[in-house]
Amino acid sequence: MIEAEKLTKRFDGFTAVEELSLSIKSGELLALLGPNGAGKTTTVRMLSAILRPTEGRAQINGFDVVKDADQVRRLIGLLTEQPGLYSRSNGIEYLIFFGRLYGMSDEEIRARGLNLFHRFGMLESDAYRRLGEYSKGMRQKVGIIRAMLHSPDVLLLDEPTSAMDPHSSKLVRDAILELRDDKRAIIVCTHNLAEAELLADRIAIIRRGQIIAEDNPENLKRQLLGHRRYELQLDHSPNGLANQLDDLVKLEEIEGDRIRFVSEDPFSTNPQVVRRLDSLGLGVVALQELSATLEDVYLSIVTDESSSAQPQDGNATTTQDQS
Ligand SMILES: Nc1ncnc2c1ncn2[C@@H]1O[C@H](COP(=O)(O)OP(=O)(O)OP(=O)(O)O)[C@@H](O)[C@H]1O
Ligand SMILES: [Mg+2]
């Protein structure tokens with residue numbers, strides 16, 4: 001449903017996105033993670049036909065983002081980083097403006113819009129206040145409501161919960177999860193790793209315009225860390241004997257009757273660890289894998305060389321918007 005092939009964007013010779021390829025089928029939700037300036041927003045803007053790729057191509061539901069830009073824009077629901085809200089109109093007027101572009105009736109727009117206002121913890125009266133008076137989180141919510149209004153088959157959400165309080169974030173995540181069904185494809189850019197893990201079927205980590213890792217959260221953790229962590233419970237405290245495992249695994253911690261260790265090859269090491277402890281007179285009561293966090297994975301691959309990341313230019317003037 002979302003296909004990108006060697007998508008590239010250069011701004012004045014600076015490559016923001018480089019030969020990025022992606023394929024997202026219907027029913028899938030991809031979380032795009034990566035440091036500031038990695039190229040997430042630029043990618044989403046190209047996929048939504050707002051920004052013209054320098055090279056490569058992308059299609060949404062078979063429509064090309066350059067040649068069929070109008071169809072693409074109608075097909076997708078988009079939340080941009082800073083949704084440009086017309087501050088003098090009220091929430092409903094704003095939604096009616098966009099809903100009509102999607103061919104919805106005013107009645108439909110009001111009903112669905114108000115439903116989503118409630119859903120995201122806002123009042124009906126908020127829907128009739130001027131957007132200029134909205135708080136940061138409320139502005140973000142209206143941006144999401146606009147993106148979801150016409151129940152689009154393709155949803156591109158750039159940091160949907162970055163301005164939200166924890167409860168609101170959850171309400172929005174639940175709404176996203178509800179939209180994740182067989183016929184939809186969704187991309188969510190986020191810096192919230194727990195959110196990525198909760199929402200995503202697949203996670204792509206992007207750094208300096210390139211995808212450096214892509215898989216489901218579990219596989220990412222298993223493959224990228226190259227080691228797994230375990231906790232052993234013994235029938236009594238090892239009292240200094242634990243260093244006798246040094247040739248097998250890397251000990252992390254000994255606490256009372258528990259030992260935590262790291263192994264790069266658990267199939268080989270763990271049975272040996274148990275036998276060794278047994279021969280030392282220490283009975284193994286339990287051995288369990290400690291789950292790695294996505295943060296472990298993310299930091300392990302992203303922090304590496306990050307000091308040479310490109311400087312950000314807040315006053316960039318080279319925007320080449322298509323519209
Ligand atoms: N209009 C523009 N003109 C020049 N450079 C730009 C423009 N838009 C983005 N860039 C540059 O492209 C790179 C990628 O920016 P982008 O906004 O895609 O990053 P991001 O991954 O979304 O970051 P963040 O997490 O901070 O939102 C950055 O170095 C940025 O300065
Ligand atoms: Mg961004």
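This is a short tour of a predicted model, from the whole chain to one helix and one sheet.

**Whole chain**

Start with everything shown. The protein chain has 323 residues, and 35% of them count as buried. Its secondary structure comes to 11 helices and 14 strands. Orient the view along the principal axes: the C-alpha atoms fill a box of roughly 75 × 45 × 35 Å. Now turn on contacts with a separation of 6 or more. Residues 24 or more positions apart account for 69% of them.

**Helix α7**

Select residues 166-179. This is helix α7, with 14 residues. Put a distance between its end C-alpha atoms: they are 20 Å apart. That agrees with the expected span, because 1.5 Å a residue should also give 20 Å.

Next, colour by burial. Which residues of α7 are buried? Leu171, Val172 and Ile176 are. Look down the axis of α7. These buried residues cover an arc of only 135°, so they sit on the same side of the helix. Rotate to the other side of α7, where Pro166, His167, Asp174 and Glu178 are exposed.

Go back to the buried side and show the surroundings. What do the buried residues of α7 pack against? Their partners are three helices and a strand: α4 (106-119), α6 (136-148) and α8 (193-199), together with β8 (185-189).

**Lys170**

Stay in α7 and pick Lys170, which belongs to this helix. Lys170 counts as partly exposed because it has 15 C-beta neighbours inside 10 Å; a buried residue would need 20 or more, an exposed one 12 or fewer. Add Phe120 to the selection. Lys170 and Phe120 are 50 residues apart along the chain, yet their C-alpha atoms are separated by 9.1 Å.

**The four-stranded sheet**

Leave the helix and select β11 to β14. They form an open sheet of 4 strands, and the pairing is antiparallel. Read across the sheet, the order is β12-β13-β11-β14. The edge strands are β12 (250-255) and β14 (284-290), each pairing on one side only. Turn the sheet to follow its twist, which averages 20° from one strand to the next.

Now isolate β11 (residues 228-234) and β13 (residues 258-263). The two strands run antiparallel and pair over 6 bridges. Show backbone hydrogen bonds here, since strands of a sheet pair through them. For one bridge, pick Tyr230. Which residue of β13 is the bridge partner of Tyr230? Select Phe261 to complete the pair.

Terms used:
Residues numbered from 1 in each chain as written. Chains lettered and ligands numbered in written order. Predicted model: local features only at pLDDT ≥ 70, side-chain atom pairs only at ≥ 80, totals over all residues. Pairing = 2+ DSSP bridges. Axes fitted to C-alpha atoms, helices over the stretch in contact; angles between N-to-C directions. Expected span 1.5 Å × (residues − 1). Arc of directions from axis to C-beta. Contact = placed C-beta atoms within 7 Å.
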